[in-house]
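Student: I'd like to go through this model with you, from its surface to its ring pairs. Can we take it one question at a time?

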Amino acid sequence: MASGLALLATSGVALAHPGHPGHDAASSFLAGFVHPLTGADHLCAMIVVGLWSALTSKRVWLAPIAFVAMLAAGGLLGMSHWVALPGVEPMIAVSLLVLGLMLATRAKLPGWAGAAVVGAFAIFHGFAHGAELPAEASAMHYLAGFLLATGLLHGIGIGAGVALRHRTAWVPRLLGAGVLAFGASLLAAAI
């Protein structure tokens, strides 16, 4: 948990775009797998979804599965270049703001509502990555790596949430507040 706080405190403004290491080799499974591990915005969103879900839901995997499914849908939509989705960057920042708030307050939502919230944000995260892939890239390999890493990050969050369920309330609240603050800084930079 201390490492997560240190990461948040020392990270610069890292949006979900090119510039993360590994993004120049977008045609490979490994590049897709590594990408979510190289940006604080990715790490925060994906771990917080798992952590929040484990702390508040009886169906722990529902919100993470919704996130992965809608991340894939958003990625495919972005790759198609058929639709321009407005406000992608601000919505990625807002997702961190909202997810951080949900974690900090341990917001209890019905399973379908939590899945809908995280799924809606996942569309924007996926779209950003799908839209930026070069036409010659092996998009499906990249997407497969990206989705696998996302699932693993959700699993890390779930594991941390299960470990913290009956121990302490302040650590998840502090992490949620940090992610909320990080989202606010990204939103300020995006607008």
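Student: What share of the accessible surface of the protein belongs to carbon and sulfur atoms?

Tutor: This is a predicted model, where local features need pLDDT of at least 70, side-chain atom pairs count only at pLDDT 80 or more, and totals for chains, interfaces and linings use all residues. Residues are numbered from 1 along each chain as its sequence is written, and side-chain values use heavy atoms, leaving out hydrogens and water. By the Shrake-Rupley method with a 1.4 Å probe, with only the protein chains shown counting as cover for residues, the accessible surface is about 8,400 Å². The carbon and sulfur share of that is 74%.

Student: How many helices does the protein have?

Tutor: Helices here are DSSP runs (H or I, at least four residues), and strands (E, at least two) are too, numbered from the N terminus. The order of elements is α-α-α-α-α-α-α-α. With 0 strands, the count of helices is 8.

Student: Which helix gives the largest share of the largest nonpolar core?

Tutor: A nonpolar core is a set of buried Ala, Val, Leu, Ile, Met, Phe, Trp, Tyr and Cys residues joined through side-chain atoms within 4.5 Å; buried means under 20% relative accessible area, exposed over 50%, partly exposed in between (1.4 Å probe, protein chains only). The largest one has 38 residues, with Leu51 and Phe67 among those with the most contacts inside it. Helices H3 (40–56), H4 (62–80), H5 (88–105), H6 (111–132), H7 and H8 (170–190) each supply at least two of its residues. The largest share, 10 residues, comes from H3.

Student: Which residues does Leu51 touch, beyond those up to four places away in sequence?

Tutor: Contact means heavy atoms within 4.5 Å. On that basis, Leu51 touches Leu103, Gly157, Ile158, Ala160, Gly161, Leu164 and Leu175.

Student: How many aromatic pairs are there, and are Tyr142 and Phe146 buried or exposed?

Tutor: Rings of Phe, Tyr and Trp (its six-membered ring) pair if their centres lie within 6.5 Å; planes under 30 degrees apart count as stacked, over 60 as edge-to-face and the rest as tilted. The search finds 2 pairs, one of them Phe29 and Phe33, stacked at 6.5 Å centre to centre with 20° between the planes. Phe29 counts as partly exposed because its relative accessibility is 37%, and Phe33 does so at 23%. Tyr142 and Phe146 are stacked too, at 6.3 Å and 20°, and both are buried.
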